[in-house]
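User: I have a chain open here and want a quick tour. Can you walk me through it?
Analyst: Sure, go ahead and load it.

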Amino acid sequence: MIKRIASDQLVVGMFIHDLDCGWMAHPFLVSQFKLTQVSEIEKIIQYGIRAVYIDTARGLDAPGATTQSEVNAELDRAIAPVLAKAEKPVPHIPLSDELVVAKRVLLEARGVVQDILSDVRLGRQVEMERLDPVVDKIIQSVLRNPGALTSLGRVKQKDHYTFQHSVNVGVLLVNFCQHLELGRDVIRDAAIGGLLHDIGKMRTPDVILNKPGKLSDMEFNVMRQHVTQGVEVLRHVAGIPAASMEVVAQHHEHMDGGGYPRGLKGDEISQLGQMSAIVDVYDALTSIRVYHQAMEPTQALRKLLEWSPLHFSGELVQRFIQCIGIYPVGTLVRLESGLIAVVLQECASNLLRPTVRAVYDSRRDQPIAPRDIDLLSPAVTDRIVGHESAARWKINTRQYL
Ligand SMILES: [Fe+2]
């Protein structure tokens, strides 16, 4: 049986089923292994992993620990009222229209960020004024329809991860700030901070940055230095807003003090710092990386909820779930009828009942002519029963948006 257990309750002889830290490279060879020495437990705790899943069929039991299905049931209970409270404004521009513009904005933003970050690698100065036009375009696109850039951002090429991730964190922060109704200046500072948050990685040696296997303890520590390196790179750059620096400096801090580099706790981390930690992990989880497959947004949001409040502010995670929506635009879902559908447009008053485009009939196991269904319509009795993996069904969701 799979059980969840606090890391400080682990004992030698237990079998680690999942280190439950899928968003980061970790200093263990594999995520599943039997604990053979106390030093392994100490390392788990030292790296800020507060809870793990164990397999009691393959190692010692932990009587009284919560089972995985109990954890899932608990998450279901926790997420339902969060979604019920959600109120999302209707976008100003239809998704299909904004996607055309957003594709150009995304390409431009990735290009500019790549240029700026590459300059750092070459030891050149960061030119802030190059960011301004692209920051404006991102903010305008998110204001017109937040689903467009956000859904496009989930599709990444395998190369250039750092540049694409940087742009996504910028986009997601703008989206999140707007959802929290923060002021225009804060949104701009957040965007800049997001685009540059991993700039310190340009000082991390490539062999460590792109290493597909296990990182040694030393390599892992070098990787973590990207935060202080980033602050160092930007410290002398004219015109960098203080709030943007908070994003760079605090995006790996955890609410319980288990993050890095400073081990800040709770309110010692600024609001933008807390928000950037959430969006950074969300984007990493939903991306294909060398160490994990991409998670569906729905699954990633549940993980954020599971990891709060130790890692993240519980309140902010709830707001982020409402911001992204449990079935964001572009997600593949299964309907009760067996139809497989792509989420086209979220419903402002009920995040569980978006408008979807049905593209496949799983009961007959065949594609169907695309058909739009408004799940909130009183005439429609179908409903979403869960998300589906686009890879499993070999469905390119983007082609249906
Ligand atoms: Fe980072």
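User: How do strand 6 and strand 7 pair, and over how many bridges?
Analyst: Strand 6 (residues 332-335) and strand 7 (residues 339-345) are antiparallel, with three bridges. Strands are DSSP runs of E, at least two residues long, and helices are runs of H or I of at least four, both numbered from the N terminus. Two strands pair if DSSP finds at least two bridges between them. V333 sits opposite A341 in strand 7.

User: What links strand 6 to strand 7?
Analyst: They make a hairpin with three residues between them. G338 lies in the turn and has a positive phi of about 95°.

User: Before I go on, what kind of model is this?
Analyst: This is a predicted model: local features need pLDDT of at least 70, side-chain atom pairs count only at pLDDT 80 or more, and totals for chains, interfaces and linings use all residues. Residues are numbered from 1 along each chain as its sequence is written.

User: Okay. Which sheet do those strands belong to, and what is its order?
Analyst: An open sheet of five strands, in the order 9-8-7-6-10, with antiparallel pairing. Strand 9 (366-374) and strand 10 (384-387) are the edges. Each has a single partner strand, so one side of each has no neighbour in the sheet. From one strand to the next, the twist averages 30°. Angles run from 0 to 180 degrees between N-to-C directions, and axes are lines fitted to C-alpha atoms, for helices over the stretch in contact.

User: What pairs with strand 10?
Analyst: Strand 6 does, antiparallel, over three bridges. There, L335 stands opposite I384 of strand 10.

User: And at the other edge, how many bridges join strand 8 and strand 9?
Analyst: Six, with strand 8 covering residues 355-361, and the pairing is antiparallel. T355 has D374 in strand 9 as its bridge partner. The loop between strand 8 and strand 9 holds D365. That residue has a positive phi, near 55°, and is not a glycine.

User: Switching topic. What is the strand order in the other five-strand open sheet?
Analyst: It reads 3-2-4-1-5, again with antiparallel pairing. Strand 3 (33-34) and strand 5 (66-67) stand at the edges. Each has a single partner strand, so one side of each is left free of a neighbour in the sheet. Inside that sheet, strand 1 (residues 2-6) runs antiparallel to strand 4 (residues 51-55), joined by five bridges. I5 has V52 of strand 4 as its bridge partner.

User: Now helices. At what angle do helix 10 and helix 11 pack?
Analyst: About 155°, with the axes 8 Å apart; helix 10 is residues 226-235 and helix 11 is residues 242-250. So the two are roughly antiparallel. By the cut-offs, under 35 degrees is roughly parallel, over 145 roughly antiparallel, 65 to 115 roughly perpendicular, and the rest oblique.

User: Which residues make the contact?
Analyst: V227, G230, V231 and L234 on helix 10, with M245, V248 and A249 on helix 11. Contact here has C-beta atoms, placed from the backbone, within 7 Å. By class, that contact has six nonpolar, one polar and no charged residues. Ala, Val, Leu, Ile, Met, Phe, Trp, Tyr, Cys and Pro count as nonpolar; Asp, Glu, Lys and Arg as charged; the others, Gly among them, as polar.

User: What about helix 2 and helix 13, how far apart are the axes?
Analyst: The axes lie 10 Å apart, at an angle of about 95°, for helix 2 (residues 68-84) and helix 13 (residues 297-307). Helix 2 and helix 13 are therefore roughly perpendicular. V71, L75, A78 and I79 of helix 2 meet R302, L305 and E306 of helix 13. That contact has five nonpolar, no polar and two charged residues.

User: Where are the cis peptide bonds you can point to?
Analyst: One joins Y260 and P261, with omega about 5°. P261 is in the loop between helix 11 and helix 12 (271-285). Another runs from S308 to P309, with omega near 0°. P309 is in the loop between helix 13 and helix 14 (314-324).

User: Last one: which domains are assigned?
Analyst: Domain 1 (2-70), domain 2 (95-324) and domain 3 (332-400). These bounds come from an automatic or database domain assignment. The C-alpha centres of domain 1 and domain 3 are 36 Å apart.

Note on methods:
Contact = placed C-beta atoms within 7 Å.
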